[in-house]
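Could you walk me through this model as if we were sitting at the same viewer? Tell me what to select at each stop and what I will find there.

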Amino acid sequence: MLHTTPLLFSLAVFAISLVAGVFGSLVGVGGGIIVVPALTLLMGVDIRFAIGASIVAVIATSSGAAASYVRERIANLRVAMFLETSTAVGAIAGALLAHHVPKNALYILFGIVLIYTAWSMSRSRKNVRPARPDPLADRLRLHGSYYDAAEGKTVEYRVSRTKLGLATSLLAGLNSGLLGVGGGAIKVPVMNLFMGMPLKACTATSNFMIGVTAAASATVYLLRGDVLPFVAAPVAAGVLIGATGGAKLLARLKGGVIRTLFVGLLIVTAVQMLWKGFHTP
Amino acid sequence: MSQPHHDQLPPPSRAERVELVISNLLRWGVFASLLLLVIGSVISFAFSGRYGHAPGDTDALITAAGAFPAHDVGWLIDGLRHGRGQAIIVLGLFLLILTPLLRVVVSIVAFTIERDWAFVGITAIVLVLLTISFLIGGAS
């Protein structure tokens, strides 16, 4: 654990958060996977305040990145709002059930699901289900297109299996409500593997969604006093700047790079979940 | 709908204008909160005795015992009136948290202008659900 002056502490946390912001904006997650361990293990921050800062980081990632993604139309706002309905229902149900469910089993189950997801995503060219006619997606005009700077062309895509997407988003929301983990790790594979969206569109759309989901709980954390200004300020500032930069990077990176980063994230998260499953009393 | 690049675009459709409004809202929200966070931090380091210069001062700032003096609205308003660094930071954090909620509200307005009633409904449902989850979180 580092033992430093307040100024050095702020600078170190700012630097870590910068990295978390770039990473989170590229793969569509909130960066809590970096911020929480860094604050608790490395900087000695109380877990309560680390979680408070990480929920701020989720919003900062989302807003920092989404500003670019929405303008460049990589994020699909209509899919985001559509899936957000069932994610939010799941999250509310999960929060209500959280005290009545054996967490160990859930952590282990979630860990296994993530490993399977990592495997599917790593060979997802084969696993993405072929598009098929979807009247609901047509009626809601969910299909999208964006300009891909890395490929130098406009990518058009059709969205299918919206009902399956809606159902699995419910489970993703339920899971985040129960275990308090961000849903990005599930949202991205759902959109990519089931609904047939290109990976960049998935991470950008997930980025847009996680901020909306986190806003309600962040307000609660702030009012409860879990968000320390001293800790949250360098986290938020670092993540905001990092995510804005990461968003500019996403358009230029090849899909394969994003995929590799995302699979790495899934494996690390899976190991964390399994570890918690076997060590939570 | 092909979109080669920003400079050679056809005049934006209504849907594209909506996205532009949301994107600009996000930009300004992000910029304003970042500015408040930086100003608040600079003031805290320059003038607040609480931030200090010794390694021991950090411990007092990050453990439950020393932590945050107050976090109610009265403290915030009082702090802002006196230009206290931590109050300015909290205002910046509030603005940051409010941005995604504003995003949803603006979307409802935008979809209404577009007369896209299905999405007015969907977005309104999202807003109601967020309110519910906020109330549940506050109660527990």
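## Start with the surface of chain A

Select chain A and switch on its surface: the accessible area is about 10500 Å², and 69% of that belongs to carbon and sulfur atoms. Keep in mind throughout that this is a predicted model.

Now drop the surface and show the C-alpha trace of chain A. Along its principal axes, the trace spans about 60 × 45 × 35 Å. A compact globule of 281 residues would have a radius of gyration near 19 Å, and chain A, at 18 Å, agrees with that. Colour by burial next, and 60% of the 281 residues of chain A come up as buried.

Go to cartoon view. Chain A shows 12 helices and 2 strands. Reading from the N terminus, you pass α-α-α-α-α-α-α, then β-β, then α-α-α-α-α. If you draw contacts between residues of chain A at least 6 apart in sequence, 83% of them join residues at least 24 apart.

One more whole-chain view: colour the charges. Chain A carries 24 positive and 9 negative ones, and the mean positions of the two sets are 4 Å apart.

## Two helices late in chain A

Select residues 229-252 of chain A, which make up helix α11. Its 24 residues reach 35 Å from the first C-alpha to the last, close to the 34 Å expected at 1.5 Å a residue. Of those 24 residues, 18 are buried, so α11(A) is largely enclosed by the rest of the structure.

Move on to residues 255-279, helix α12 of chain A. Its 25 residues should span 36 Å at 1.5 Å a residue, and the end C-alpha atoms are indeed 36 Å apart. Which residues of α12(A) are buried? Show side chains and pick out, among them, I258(A), F262(A), L265(A), L266(A), T269(A) and M273(A). As you look down the axis, it helps to recall that an α-helix has 3.6 residues a turn, so residues three or four places apart point the same way.

## A valine that touches both chains

Zoom in on V56(A), in helix α3 (residues 47-71) of chain A. Is V56(A) buried or exposed? With a relative accessibility of 1%, V56(A) counts as buried, because the cut-off for buried is under 20%.

Show what surrounds V56(A). Beyond its neighbours within four places in sequence, V56(A) is in contact with V227(A) and A236(A), and also with L93(B) and L96(B) from chain B. Then measure to A232(A) in your viewer: the two residues are 176 apart along the chain, yet the C-alpha atoms of V56(A) and A232(A) are separated by 7.1 Å.

Just before helix α3, stop at D46(A), in the loop between α2 (32-42) and α3 of chain A. At 28% relative accessibility, D46(A) counts as partly exposed. From D46(A) to V36(A) is 10 residues in sequence and 9.9 Å in space, C-alpha to C-alpha.

## Around the strands

Select residues 144-148 of chain A, strand β1, and find D148(A) there. D148(A) has a relative accessible area of 3%, so it is buried. Leaving out neighbours within four places in sequence, its contacts are K153(A), V155(A), K200(A) and A251(A).

Follow the chain to R161(A), in the loop between β2 (153-157) and α8 (162-179) of chain A. Check the backbone here: R161(A) is not a glycine, yet its phi is positive, about 50°. Most residues other than glycine have a negative phi. R161(A) is also buried, with a relative accessible area of 10%.

## Over to chain B

Select chain B. Chain B has 5 helices and 0 strands, and its elements run α-α-α-α-α from the N terminus. Buried residues make up 39% of its 140 residues. Among contacts in chain B between residues at least 6 apart in sequence, 52% join residues at least 24 apart. Turn the surface back on and you get about 7400 Å² for chain B, with 71% of it from carbon and sulfur atoms.

For the last stop, select R115(B), in the loop between α4 (85-113) and α5 (117-139) of chain B. Here is another positive phi in a residue other than glycine, near 60° for R115(B). What is the relative accessibility of R115(B)? It is 61%, so R115(B) counts as exposed.

Terms used. Residues numbered from 1 in each chain as written. Chains lettered and ligands numbered in written order. Predicted model: local features only at pLDDT ≥ 70, side-chain atom pairs only at ≥ 80, totals over all residues. Heavy atoms only, no water. Helix = DSSP H or I, 4+ residues; strand = E, 2+ residues; numbered from the N terminus. Rg over C-alpha atoms; globule rule 2.2 N^0.38 Å. Buried < 20%, exposed > 50% of the residue type's maximum accessible area, 1.4 Å probe, protein only. Contact = heavy atoms within 4.5 Å. Areas by Shrake-Rupley, 256 points an atom, 1.4 Å probe, with all protein chains shown as cover. Lys, Arg positive; Asp, Glu negative; His and termini not counted. Charge placed at Lys NZ, Arg CZ, Asp CG, Glu CD. Expected span 1.5 Å × (residues − 1).
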